[in-house]
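Good morning, and thank you for coming. I would like to introduce a structure that is new to this group.

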Amino acid sequence: MDIDGNISSVNRGALELLGYNSINLIGESILNFTPTASGKDFKDVFKELLSEGTLKDRKIQLYDVKGQLRNLKASFTLLKDTKERPIGIISIFTDIKELAALEKEILELQEFSQNIVENAGVGIVATDLKGKIIFASKGTRNIFKKASNRLKGENIIKNLGDPIALNEKFTSLVDKGKSFEYELDVKDGNIGESFLTVFTPLRDGVGKVSGTIVVFKNISKLKEVEEQLKESNSILKNYSLDLERLVDTTRTLGAQLDAKKIYKTLSEVIRKTIDSDVIFFLKYSEKGFTLDFSDGIKAKSLKKEISKKEFQRFLSTIKDSRIVSPVNKEKSFPPRVVDKNFTSSVFIPLYAKNEIFGLIALFFKGERRFMRKELEFLQSLGSSTVMALENARLYGEIREFANELEEKVKERTKDLSIANEELEQSNRLKDLFIDIMRHDLLNPIMIARNTTELVMESEKDPTLKNFLTKVHKINDRTIKMIENASTLARLESGSNIEFDLADLGTVISNAVEDLSNLAEERNIKIKTNLKGEFPALVNPLIYDVFSNLISNAIKYGTDNTDIAVGIVENGSKWRVSVADRGEGIADEHKKAVFERFTRVQKGAVKGSGLGLAIVKKVVDAHSGKVWVEDNPGGGSIFNVVIPKA
Ligand code: ADP
């Protein structure tokens with residue numbers, strides 16, 4: 001503008017601010033764009049400007065292109081020529097609204113950060129190189145006990161504790177730019193506050209240390225938490241100590257199998273940890289509560305049995321450990337048990353499988369406070385005791401049972417030894433009988449048989465001769481019977497028999513040979529298949545096996561038929577079979593014929609029913625097997641299996 005206010009030039013900012021084109025403005029007077037009242041202001045401004053040269057932050061009003069009045073802030077500068085004569089005015093406008101908004105925003109931001117700083121318990125101080133405070137935030141009030149504005153000009157080091165140590169650090173901060181921190185405790189009456197103080201260098205544009213910034217952070221809360229942590233840590237440590245003790249005690253208690261020892265351990269632990277003057281252990285039974293154990297008071301002064309009814313009411317009031325102090329307040333606890341000297345007590349009910357088991361009662365002479373932890377400890381101790389007592393009881397029962405068992409075993413052994421003796425006795429009798437049979441019975445009969453034979457041969461009278469022949473036959477049969485009976489008896493008595501290597505084929509051939517006459521009488525042919533060698537470890541009794549089977553085959557066979565005797569190899573064994581063409585043996589008798597005195601078809605055949613029993617016994621003694629099966633074309637096949645040698 002010229003000095004009268006005629007616009008000669010506008011920049012783009014002015015055009016954008018008011019919305020005009022330069023054509024609208026250039027050559028026009030500024031007064032045309034302002035209300036009449038404001039025009040007067042402009043005139044005053046121009047006058048003032050001529051004397052002052054510059055004017056700042058003047059409020060003016062201008063119409064924009066839409067005809068709206070805009071409040072603007074303006075600054076004016078007088079343009080002069082080389083001879084210092086005024087030639088024009090430069091004016092710079094700013095929209096107040098925008099400016100105000102911006103200022104407000106900055107203010108808010110400032111306030112916000114201030115708030116953060118204050119609320120975070122942070123105080124900030126800036127100093128020069130000598131430590132002179134040039135700025136102090138509001139938060140420093142709590143530290144220096146004076147308003148922050150009054151701190152300006154004071155020396156920070158002198159205002160903090162321990163100036164000597166601080167001075168040294170401060171010097172190194174200024175000289176070497178080395179930051180440092182230290183903890184500052186400030187006391188205000190009873191309340192102590194701790195601040196973590198950090199000194200950092202303040203550097204200028206070229207990085208030179210030009211001062212310091214000190215930040216104070218309130219760490220009292222942190223310290224408090226730290227303290228709490230420490231405390232809870234020590235509680236935890238104590239607790240784990242208690243746990244350890246509990247585990248130890250439980251182990252000690254568990255190792256006891258005697259109720260008395262368990263009570264002793266319990267009372268020792270309670271004395272050590274809880275320091276009670278008297279301990280009772282009341283145990284529940286069908287009758288009521290019995291004082292099972294007491295320590296610290298003469299049992300005589302206590303009523304030994306407390307009736308169930310008397311106690312029920314008291315118990316119904318406690319499910320968990322209960323502290324009673326003073327004791328006489330506990331009306332429901334049978335007073336006879338309680339001595340007048342006690343002031344405090346704890347009752348710990350004990351349960352086993354949810355059933356009341358008993359009660360631990362502790363009495364204290366003095367006033368006593370309990371921690372929850374102690375009660376928990378007692379409760380656990382009680383549970384361990386219950387467990388230990390139950391174990392002890394079970395152990396007792398088992399021991400009793402074991403004792404009973406031992407008694408029974410002893411009695412049995414006695415019975416057994418009697419039976420053994422009896423057995424031995426009967427065995428001896430059997431042996432004696434065998435001996436009697438073999439010598440005292442067999443010998444005279446042999447003599448009778450031989451004598452009969454002699455007489456028989458020379459006898460001429462046919463009736464007498466016939467009679468003698470019958471006697472001879474009876475004698476023969478009796479001898480055979482005695483021999484068989486004695487063999488069976490010997491085998492049954494378990495007497496050991498000896499084995500020798502022999503050829504089964506030879507043994508069988510001999511038996512066949514010896515029975516050939518008998519077979520001929522019936523016109524029965526014995527066909528053998530015994531080629532080869534059949535070695536086996538056998539006792540001479542094995543001859544009787546085959547002799548018996550072949551003689552049976554003849555006895556129970558049919559006249560004019562064949563008997564087949566053969567040996568075949570069967571793995572590690574020999575199998576001997578004797579097949580006849582008799583009537584055979586029905587299935588239901590196939591097993592029974594091997595038992596003593598079993599005779600299926602007596603008919604005209606004379607027998608004792610001992611033969612097959614002896615066969616079985618002898619075969620068994622050779623670890624072999626014998627059985628009978630049907631002969632496909634009629635008759636029976638007796639099989640004997642004997643291990644190969
Ligand atoms: P015993 O021949 O002296 O009667 P055993 O013990 O030798 O006694 O035989 C028992 C019974 O088995 C005989 O009474 C007979 O009934 C039956 N038995 C034995 N061998 C044969 C056979 N080969 N055929 C049919 N029955 C037989």
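I shall speak about the overall make-up, then the cores, then the surface patch and the salt bridges.

This is a predicted model, in which local features need pLDDT of at least 70, side-chain atom pairs count only at pLDDT 80 or more, and totals for chains, interfaces and linings use all residues. Residues are numbered from 1 along each chain as its sequence is written, and side-chain values use heavy atoms, with hydrogens and water left out.

The protein chain contains 15 helices and 21 strands; these are DSSP runs numbered from the N terminus, helices being H or I of at least four residues and strands E of at least two. Of its 645 residues, 36% are buried. Buried means under 20% relative accessible area, exposed over 50%, and partly exposed in between, with a 1.4 Å probe and protein chains only.

Let us turn to the interior. The largest nonpolar core has 45 residues, and L504, I508, I542, V545, F546, I550 and V640 have the most contacts inside it. Such a core is a set of buried Ala, Val, Leu, Ile, Met, Phe, Trp, Tyr and Cys residues joined through side-chain atoms within 4.5 Å. Leaving aside residues up to four places away in sequence, I542 touches L504, V507, V618, H622 and I642, where contact means heavy atoms within 4.5 Å. A second, separate core of 27 residues includes Y263, L350, I360 and F377.

On the surface, L79, I87, I90 and I92 make a nonpolar patch of about 350 Å². Patch residues have over 30% relative accessible area and no salt bridge; like charges are joined within 9 Å, and nonpolar side chains (Val, Leu, Ile, Met, Phe, Trp, Tyr) within 5 Å. Areas come from the Shrake-Rupley method with a 1.4 Å probe, and for residues only the protein chains shown count as cover. Strand 3, residues 86-95, gives the most to this patch, with 3 residues.

How many salt bridges are found in the whole structure? The search finds 17, each being a side-chain nitrogen of Lys or Arg within 4 Å of a carboxyl oxygen of Asp or Glu. In one of them, R70 pairs with D95, with the closest N and O atoms 2.9 Å apart. R70 lies in strand 2 and D95 in strand 3, so the pair ties together parts that are 25 residues apart in sequence. D95 is buried, at 9% relative accessible area. D64, R70 and D95 are linked in a network of salt bridges.
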